[in-house]
Amino acid sequence: MDDAELTRLLHDLESDRVERKSSLADGDKILEAICAFANDLPGHSQPGVLFVGARDDGSCAQLPITDDLLRKLADLRSNGNILPFPQMTVEKRVLDGCPLAVIIVEPSDDPPVRLRGRTCTRVGPRRAIATRQEENRLAEKRRHKDLAFDLRPVSGATVADLDALLFRQTYLPTAVAPEILAENQRTLEEQLGALRFIDAGGTPTVVGMLTVGQQPRRFLPGAYVQFLRLEGTELIDPIKDQKEIEGPIVELMRQLDELLRVHITIATDVTSQLVEVRQPSYPIAALRQLLANAVMHRTYEGTNAPVRLHWFADRIEIQSPGGPFGMVSRTNFGRPGVADYRNAHLAEVMKNLGYVQRFGVGIALARRELEKNGNPPLEFQIEDHFVLAVVRSRA
C-alpha cells in the first residue's frame with residue numbers, strides 16, 4: 001500500500017478497515033484488531049490497517065518509532081496468541097509528517113482465526129467475539145480458497161473416523177476459551193468445522209485426522225515414527241529394540257516421551273564433597289523439542305516415509321521427511337526467530353496442546369539443553385527432501 005492510500009485510510013474515521021493506537025499501552029486491543037482484520041467478517045477481501053502512533057481522531061501522537069517497537073509489533077504474529085498465524089507486515093511510515101508504525105493485516109485464507117481461543121470480529125464500529133452463526137460464515141469462506149495440504153479433505157474418511165471423545169475432552173478445551181465452551185450451543189460437526197478438522201462437506205481434513213483420527217496411519221501412511229535402537233554405531237549393527245509409534249498427536253507424543261525415558265541412561269558421579277550427581281546421556285528436553293519439530297515440520301504430502309528415530313551407541317539421529325520450507329533455507333536453518341510452517345494448522349494444534357511453547361525457538365532451546373548437559377553441539381544435515389538432526393552422547 002502506497003503512502004497516498006495509507007494517508008487516506010488514516011484520516012477516514014468511518015472505515016472499519018482501520019484502527020488507531022497512540023502507543024503499545026493497550027497491547028490486547030492491538031491483538032484483537034489483528035485477529036478481527038484477519039477474519040474479515042464483512043468480506044472486504046482487502047487488508048486491515050493499524051496505525052500505531054496515531055490518536056483516535058487521526059492526529060499524530062508523536063510516538064518514537066524505534067527498531068525495538070517494530071520488533072515487538074512483528075513478534076505479535078508468531079508468539080502463539082493468534083492462531084493460525086496472521087499474514088501481516090510491520091513497517092515504519094511517515095504520513096503527513098507523522099512517524100507511524102503501520103501494521104497491514106491480510107484477510108486469512110483459513111478463518112476463523114482465534115486470539116487465545118476466541119474468534120474476534122469487527123463490523124463497522126463493533127468489535128466483538130464471533131457468534132455461532134458468524135463462525136459458520138467464516139468457516140464457509142474456506143471452500144473458495146486454495147487449501148494448504150493440512151486442510152485438504154482426506155479421501156475416503158468420514159466423521160466416524162475421528163475420535164469425538166478425544167476431540168471434546170482433550171483438544172477442544174485447549175483451543176477454545178472456557179466461556180465459549182460454556183455456551184454449549186454448537187454441534188459436534190460445527191465444532192470440528194470451526195477448528196478445521198472437517199471441511200464444509202463434512203469430510204475430515206489432514207490436520208483433523210492427525211490430531212483426533214482413530215487410525216491416522218490408515219489414511220496417511222507416513223504418519224508414524226520409526227524407532228530403531230542399535231548395538232553399535234552403524235545401521236548394519238545388531239538391533240536392540242525397534243518399534244513403530246503411531247496414533248493421534250497426543251498418543252504419538254505420549255509414546256515418544258515414554259520411549260525416551262526408558263532408553264536414556266543416567267550416569268551417577270560422587271563429588272569430592274560426597275554429593276551424588278546424576279547426569280543423563282541425553283537431556284530429555286532437547287530430544288522432545290527435536291521430535292516435536294520433526295513431527296510438526298515434516299511433509300505428509302507425496303511420501304509415505306515416517307519420521308525416523310535411530311538410536312546408536314554414540315548418537316541419536318532424527319530424520320524428518322521434507323527439506324527447508326518457505327523463508328527457511330540451508331543458510332538460516334535453526335536461527336532463532338526464523339520460522340515458516342509447511343503445516344501451519346498442525347503447528348497450531350501442537351501449540352494448543354503444549355508441545356510447542358513458542359514458535360521459532362525450538363532448535364535454540366535444544367541447543368541450550370545440550371550445552372547445559374555437556375553434550376557436543378547439535379548437528380544438522382539439510383537436504384532438499386529431508387532434514388537430519390544428529391545428537392551426540394555426553395562423554
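Two strands pair if DSSP finds at least two bridges between them. Helices (H or I, at least four residues) and strands (E, at least two) are DSSP runs, numbered from the N terminus. The structure is a predicted model, where local features need pLDDT of at least 70, side-chain atom pairs count only at pLDDT 80 or more, and totals for chains, interfaces and linings use all residues. Residues are numbered from 1 along each chain as its sequence is written, and side-chain values use heavy atoms, with hydrogens and water left out.

**Exercise 1. Find the partners of strand 13 and say how each one runs.**

Step 1. Take strand 9 (residues 224-230): five bridges join it to strand 13, and the two run parallel. One pair to look up is Gln226 with its bridge partner Arg308 in strand 13.

Step 2. Now go to strand 14 (residues 315-321), which pairs with strand 13 in the antiparallel sense over four bridges. Here Leu309 has Ile318 of strand 14 as its bridge partner. Strand 13 and strand 14 form a hairpin, with three residues between them.

Step 3. Check the burial of strand 13: four of its five residues are buried (under 20% relative accessible area; exposed is over 50%, partly exposed in between; 1.4 Å probe, protein chains only).

**Exercise 2. Which residues does Arg298 touch, and what is the nearest side chain of opposite charge?**

Step 1. Locate Arg298 in the loop between helix 11 (284-297) and strand 13 (307-311).

Step 2. Look for a charged partner. Lys and Arg count as positive and Asp and Glu as negative, while His and the chain ends are not counted. A salt bridge is a side-chain nitrogen of Lys or Arg within 4 Å of a carboxyl oxygen of Asp or Glu. Arg298 is buried yet has no salt bridge, and the nearest side chain of opposite charge, Glu301, is 11 Å away.

Step 3. List contacts (heavy atoms within 4.5 Å). Leaving aside residues up to four places away in sequence, Arg298 touches Gly222, Ala223, Tyr224, Asn293, Thr303, Ala305, Pro306, Val307, Ser320, Pro321, Arg342 and Asn343.

**Exercise 3. Describe how helix 10 and helix 11 pack.**

Step 1. Two packed helices are described by the angle between their axes and the distance between the axes. Axes are lines fitted to C-alpha atoms, for helices over the stretch in contact, and angles run from 0 to 180 degrees between N-to-C directions.

Step 2. Helix 10 (residues 249-263) and helix 11 pack at an angle of about 145°, their axes 11 Å apart.

Step 3. Pick out the residues in contact. Helix 10 contributes Ile249, Leu252, Met253, Leu256, Asp257, Leu260 and Arg261, and helix 11 contributes Ile284, Leu287, Arg288, Leu291, Ala292 and Val295.

**Exercise 4. Lay out the sheet with the order 1-2-5-4 and find the helices that touch it.**

Step 1. This is an open sheet of four strands with mixed pairing. Strand 1 (18-21) and strand 4 are the edge strands, each pairing on one side only. Neighbouring strands are turned by 25° against each other on average, direction ignored.

Step 2. Within the sheet, strand 2 and strand 5 pair in the antiparallel sense over five bridges, and Val52 has Ala101 of strand 5 as its bridge partner.

Step 3. Helix 1 (residues 3-11) packs on the sheet, touching strand 1, strand 2, strand 4 and strand 5, and its direction makes about 85° with that of strand 4. Helix 3 lies across strand 2, strand 4 and strand 5, running at about 145° to strand 4.

**Exercise 5. Work through the sheet with the order 3-6-7-8, then look up the cis peptide bond between Leu83 and Pro84.**

Step 1. Four strands form this open sheet, with antiparallel pairing. Strand 3 (82-83) and strand 8 (126-129) stand at the edges, each with a single partner strand, so one side of each is left without a neighbour in the sheet.

Step 2. Strand 3 pairs with strand 6 (residues 114-115) in the antiparallel sense over two bridges, and Ile82 stands opposite Leu115 in strand 6.

Step 3. The cis bond joining Leu83 and Pro84 has an omega of about -5°, and Pro84 is in the loop between strand 3 and strand 4 (88-95). The peptide bond from Pro111 to Pro112 is also cis, with omega near 5°; Pro112 lies in the loop between strand 5 (98-105) and strand 6.
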